[in-house]
Every structure is written in C-alpha cells, then in structure tokens.
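Dear colleague,

I am passing on a structure for you to look at, and below it you will find some notes on what was found. Please read them with the structure open beside you.

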Amino acid sequence: MSQTLQAIRGMNDILPPEAERWEAFEELVRDWLFSYGYRPIRMPLVEPTPLFARAIGAVTDIVEKEMYSFTDALNGEALTLRPEGTASCVRAVLQHNLLYDGPKRLWYMGPMFRHERPQKGRYRQFHQVGVEALGLAGPDIDAEQILMCARLWDDLGLHGITLEINSLGQPEERARHRADLIGYLEKHFDALDDDGKRRLHTNPLRILDTKNPAMQALVEAAPKLIDYLGEDSLKHFEGVQQLLKDAGLPYRINPRLVRGLDYYNLTVFEWVTDRLGAQGTVCAGGRYDGLIEQLGGKRAPACGFALGIERLMALLEAEGELPASPAPDVYVVHQGEGAVRLAFRAAEALRDVGCAVLTHMGGGSFKSQMKRADASGAQLAVLIGEDEVQKNEVSLKPLRVAIEQWRVPIANLAEAVSDWLYGRDEAVNED
Ligand code: HAM
C-alpha cells in the first residue's frame, strides 16, 4: 500500500471543531473592524517578487531567507507567495488609485507564507488579520489602532496581553543614530555574534533586537534612537501616548523595539504575552509614511498592524471566551421503504423556515441512528418509519428533555418544529 501524503511541514490543516472556533473568531473580528469604520479588501496570495524586496527591505530576514519564491514556468516572471499583507495592500491601493477621494481604512484576513523554522506559534503558512489606515498623518490614528486592539482582547476575554511601543523617528534621525550605532558596535566588534557582524553595516538596528543573551549588555549600553529624535517626532510620539493615557491603557516604552520589516517610521508597537513561550507577539505594527512613495505612489502617510490568528487562537484555547461549536437544530432519522424521500421533504421544509438540519445517511437501525442524533447535539429528532410514510406524517422526539414523542402531518411539520424550538425560547425569555 502506498504511504498517505502529508501536509507540508509548518503548514497545518485546521479541522473541526477548531475550524468552527476560527469561524466564530472571524465573525467577531468582522464586527469589531466594522465598528471602527474599516472596509474589507482582498489581494492575491501571489505577487511579483520585487514588490516585497522594495517594500519590506532587501536586507531583512523575510526577504533574505524566508520567502517562497519561484519562477513562473510559462513566462519566467519572478513570483512570491506573500509573506505579509501590507506590501500587497499598498500595491492594490496604488494600482486602483483608492486614495483619490481621501483616506482609506482597510482590512484583510488570510494566509501568509514564511519559510521559517516551524515551532509552537511559528508556522510556514500562518494567518493574519491585517488592518491598514492610509492617508492619515496624525498620532490619533496610531492611538486609535492601538486602542482598537485593546478592545478586541477585551471582546475575546483575553487578559495578560501587554503593549510595548517605541518611536523609530524619521529616516534622517535614524541615519544619525545609525552612524553613531555603527561606530559603537565597531568598537565592540569582537563581542558581536555572527549575525551581528553580518548586519553591522547593512542593518545595525536589527542587532538591537538580538535574542542572544551574550549580547544583551552590549545592546543595552548602545546609543538609543529615542535620544536622536527631533521635535516633530517627539511630539508625534507624545501625542500617541497622551491618547493612550486618556483611555487608561497601560503601555511600556521599549527602546529596543525595532520590528523586522524596514518600512516603519515614527510609532511602532507590539502586543505580547508570556503565555505562548518564545513566540509571544500576537499583534504588531506601526506607521509607514514612506512606503506608498517607495512603491511608486504620491507620498501619503499610513499606519497599520497585523494580528497572528494562530497565536490568538492558542491563547483563546487556554483562556478565552469563544462560543462552543454550533449543533444542528434537528436530526432526521428514517428507515424503511420510501422513508428517505419523506426525510428529504421534511428536511427541506425545515430549512425553508431557517432550521439547521442533519439528515441521517448511511442506513443502520433506528437505535444506532438515534445514537447519532444524540451525539449531533440536535435539540429535536424527526423520526420517519414505514407507518409515518403511509400516513404522510412524521414523529417528533425532543432529545434534550424527557418528553414523549408526538406525530404531526408533514404539512404542519415546519410550524410544529418552529413552535417547539423558538416558542420555547420565547417562553423562557418571558419568564
Ligand atoms: P509581522 O510582525 O511580521 O508584521 O507579523 C504580524 C504578526 O503575525 C506577528 O505579531 C505574529 O503574531 C504573526 N506572525 C508572523 N509570523 C508568523 C509565523 N511564522 N507564524 C505564526 N504567526 C506569525 C507584519 O506582517 C506587518 N505586515 C504588520 C503591519 C501591517 N504593519 C503595518 N501594517
């Protein structure tokens, strides 16, 4: 026998009931985004490779070593499975001139692909909800995006996700800091690890983000970007903080928060938890005022963030409040000559009035079908045997309360079931 094929490492199937929890999460997320005025956008999963090199930065981990890139066999085009959504979103906004009539608040949700070493919370295909506000320059939108995250954690019943913020200033300010930082790191060249040595002249800011314990003291004492920020940058950062304070939202300034993508300036933020082990960042983003121009558009400010759905689902599993998997309202049990035809009629008549119906298939005794009905979680079973077929009736049997079954003509089925299912809710509500 040939071996069964397996999914690619780091790319996961999401099975029921987990997939149902994802759907409940997605529904809640849609309501949340709507309540802040964000509108959906859908971009392709595959984009021209140069888009990501230009947007994310040629000397980033993502572009250097994590992209799923390939050549289109038909036309030789260099293509990449999107590692993130911001570049695609900005490309789409420019391609369709969406900013012609003012700022836009957009969101997207879907799979992203990064060739990272898989571990808990880190996958090669993972899912993000991305949120982008384009055309808005003030600190108010940065603060609103941060506050909207806080509201989502609250809506989901998640606690213990903490906020870290930083300001990366403007490119000129970063350039002065960078020159001093390189000077400092050169003086300590022997203390740098291989990654550090490699990045010294290409991306020294990323050295500050090292996880290597041996380098912590060195990066701690390095020149801090915040000390290089000019008046406008500081004012913007203070503006964000003021609105967070007004809202009573606690935060920590983390001067070493630099992000792994090059398009950011001014505000950057991450929401982190210590409950997921090493992969504790559940949501991250910031301002990217230069990206639109960098991708060929007229200069326009922007900011956004993305949350990692797998990581949030793992947190929700442990402590959140998502509804249990939905059960059908009715399970249709049938046996004997002609019963399947009446079962189909009954099921469709019930769906006409909005019931969720599972019709038994695959035969079996009444007893074994009733076991299935019970396991389905349905409130009510519709029973159809030969006697019911002859009389054009069905029997109704409540599955969750001890009530004797009763019969109704097929013509009255929908009304009888609605009365029983929803009439009971009303009776309960009236009490
Ligand atoms: P990012 O920090 O690369 O930012 O990713 C955002 C979030 O996606 C992370 O905080 C994490 O929760 C999740 N994530 C990233 N990589 C993985 C992975 N390999 N496995 C599981 N989850 C992962 C961005 O992608 C930016 N586009 C965010 C943004 C939007 N900035 C502005 N607008």
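**The ligand and its surroundings**

Of the 25 residues around the ligand, those that come nearest are Glu84, Thr86, Glu116, Glu132 and Tyr264, where a residue is counted if one of its heavy atoms lies within 4 Å of the molecule. This is a predicted model, in which local features need pLDDT of at least 70 and side-chain atom pairs count only at pLDDT 80 or more, while totals for chains, interfaces and linings use all residues. Residues are numbered from 1 along each chain as its sequence is written, and side-chain values use heavy atoms, with hydrogens and water left out.

Polar contacts here are pairs of N or O atoms within 3.5 Å. An N or O atom in the side chain of Glu84 is 2.5 Å from a nitrogen atom of the ligand, a polar side-chain atom of Thr86 lies 2.8 Å from a nitrogen atom of the ligand, and a polar backbone atom of Tyr123 is 2.9 Å from a ligand nitrogen atom. On its own the ligand has 660 Å² of accessible area (Shrake-Rupley method, 1.4 Å probe), and the protein covers 96% of that area.

The elements giving two or more residues to the shell around the ligand are strand E6 (125-134), strand E10 (281-287) and strand E11 (302-308), strands being DSSP runs (E, at least two residues) numbered from the N terminus. The largest share, 5 residues, comes from E10.

With kind regards

Terms used:
Polar contact = N/O pair within 3.5 Å; in protein donor to acceptor, adjacent residues only side chain to side chain. Helix = DSSP H or I, 4+ residues; strand = E, 2+ residues; numbered from the N terminus.
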